[in-house]
Amino acid sequence: MISVLAMDAARFDVDLHLLELRFAGARLIEPQAVEKLARSIERDGQIVPCIVAATSSETSGAEGTEHLVLIDGYRRVAALRRLGRDRAFVERWPCDLAEAVLGVLARTQGRCFAAIEEALLLRELTQGLGVSQREAARRCARDGSWVNRRLQLLASLPEAALAAVREGRLSSWAAARVIAPLARANSAHADRLLRVQERAPLSTRELGVWFEHYQKAKRSVRERMLDHPRLFLEALRERAAETSIERLRVGPEGECEADLWRINELICRVRKRLGMLTPLSPELVKALSCAQGNFEGLQEDIKRYSQDDPDRDPQRRKASEGAGPKPARDQPAVEAVA
């Protein structure tokens, strides 16, 4: 379908005010990407045309007026406006709106769409243009589950989150990986996090770290994390710095000592539970045998290294032999010079 459209497409310049931005709500602008694109257009001009499709509206007593609906190129239009340009280079596809949107979704060249962008365009297709989910999947060369997953993503996202993504205040990754699952589990907590994000926004990386700890936290801790997410992250960084300093202070000797005490605690815990597990399963016996072998090997290593005898370790013996001044070898007696 794309090759046929490209073959019959007409390319020309058009005034920006003549473009109908019908799908602006389904596209992510992302200010940084627009700024980068504006610098590229200012340097090299607009190389890639925007995709438009024509639609007509009936007026009373007159023939229908044709409108050019912008299908793809919303970032390019935003970049042109930032540069103060009033015309855009467009490619008009000879098809209806639904086919044009499907063509944009199906093609592989150009930038990849974020999952939320795909979901928004699919919602426009299914709700606004009357295309069935099965037909959308077929014409996008995808399966029905792909369409269903995208639409479910939209259903789980609050409108405030969608608005933040469209305006570039929230990354699509954070919306899909943090806000959406949080909203499915606890919509009130998702709303609170969005409100805090508006006042003191966290980066995508910070949101990912915050959500990772949120999932493991108790209910009371979660409440504090929602009230003060940045304060929680700062405390987390301070704790990590203290741990790093402590590791530096105790050195590898202290770390090994702490690990051995932890092993001792684990062994004691397993011994307490063994009485409740009789008869022991073959898998548990195998695991115990493997642990016993490793522990016996550890005991031998500790015994060897604690005696500090280089002769017991071939590698250390070799190193000690190569270090330091070597004793002088016996020399033959000096003979008289004739």
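## Contacts and overall make-up

A contact here means that heavy atoms lie within 4.5 Å of each other. On that basis, among the contacts in the chain with a separation of 6 or more, 69% are between residues 24 or more positions apart. Keep in mind as you browse that this is a predicted model.

The chain has 338 residues, and buried residues make up 30% of them. Its secondary structure comes to 15 helices and five strands. The accessible surface of the chain is about 22300 Å², with 52% of that area belonging to carbon and sulfur atoms.

## The nonpolar core

Let us start on the inside. In soluble globular proteins, nonpolar side chains tend to be buried together. In this model, the largest nonpolar core has 77 residues. Which residues have the most contacts inside that core? They are I71, L157, L170 and W210.

I71 is a good place to zoom in. Setting aside neighbours within four places in sequence, I71 is in contact with F23, I51, V52, A53, L97, A100, V101 and V104, and also with R27. R27 appears again further down, as a member of a salt-bridge network with D72, R76 and E117.

## A nonpolar patch on the surface

Now to the outside. A nonpolar surface patch of about 380 Å² is made by L260, I263, I267, F295 and I302. Helix 13, spanning 229–274, and helix 14, spanning 282–306, each supply at least two residues of this patch. Which helix gives the most to the patch? That is helix 13, with three residues.

I302 has its place in helix 14. Is I302 buried or partly exposed? I302 counts as partly exposed because its relative accessibility is 42%, and partly exposed covers the range between under 20% for buried and over 50% for exposed.

## Salt bridges within helices

Side chains of opposite charge can pair when their charged atoms come close. The structure holds 21 salt bridges, and a few of them are worth a visit.

In helix 2, which covers residues 31–44, R39 and E35 lie four residues apart, about one turn of the helix. Their side chains meet in a salt bridge, at 3.9 Å from N to O. R39 counts as partly exposed because its relative accessibility is 46%. E35 is also partly exposed, since its relative accessible area is 32%.

Helix 14, already met through I302, holds another pair: R304 and D301 are three residues apart there, about one turn of the helix. The closest N and O atoms of their salt bridge are 3.3 Å apart. With a relative accessibility of 26%, R304 counts as partly exposed; D301, at 31%, counts as partly exposed too.

## Another pair and a network

E167 and R169 form a salt bridge as well, and how far apart are the closest N and O atoms? The distance is 2.8 Å. E167 is partly exposed because its relative accessible area is 47%, and R169 is partly exposed because its value is 40%.

Finally, R27, D72, R76 and E117 are linked in a network of salt bridges. R27 is the member to look at alongside the core, as R27 is among the residues in contact with I71, and I71 is one of the residues with the most contacts inside the largest nonpolar core.

Terms used. Residues numbered from 1 in each chain as written. Predicted model: local features only at pLDDT ≥ 70, side-chain atom pairs only at ≥ 80, totals over all residues. Heavy atoms only, no water. Patch = residues over 30% accessible without salt bridge, like charges linked within 9 Å, V, L, I, M, F, W, Y side chains within 5 Å. Areas by Shrake-Rupley, 256 points an atom, 1.4 Å probe, with all protein chains shown as cover. Salt bridge = Lys/Arg side-chain N within 4 Å of Asp/Glu carboxyl O. Buried < 20%, exposed > 50% of the residue type's maximum accessible area, 1.4 Å probe, protein only. Core = buried A, V, L, I, M, F, W, Y, C linked by side-chain atoms within 4.5 Å.
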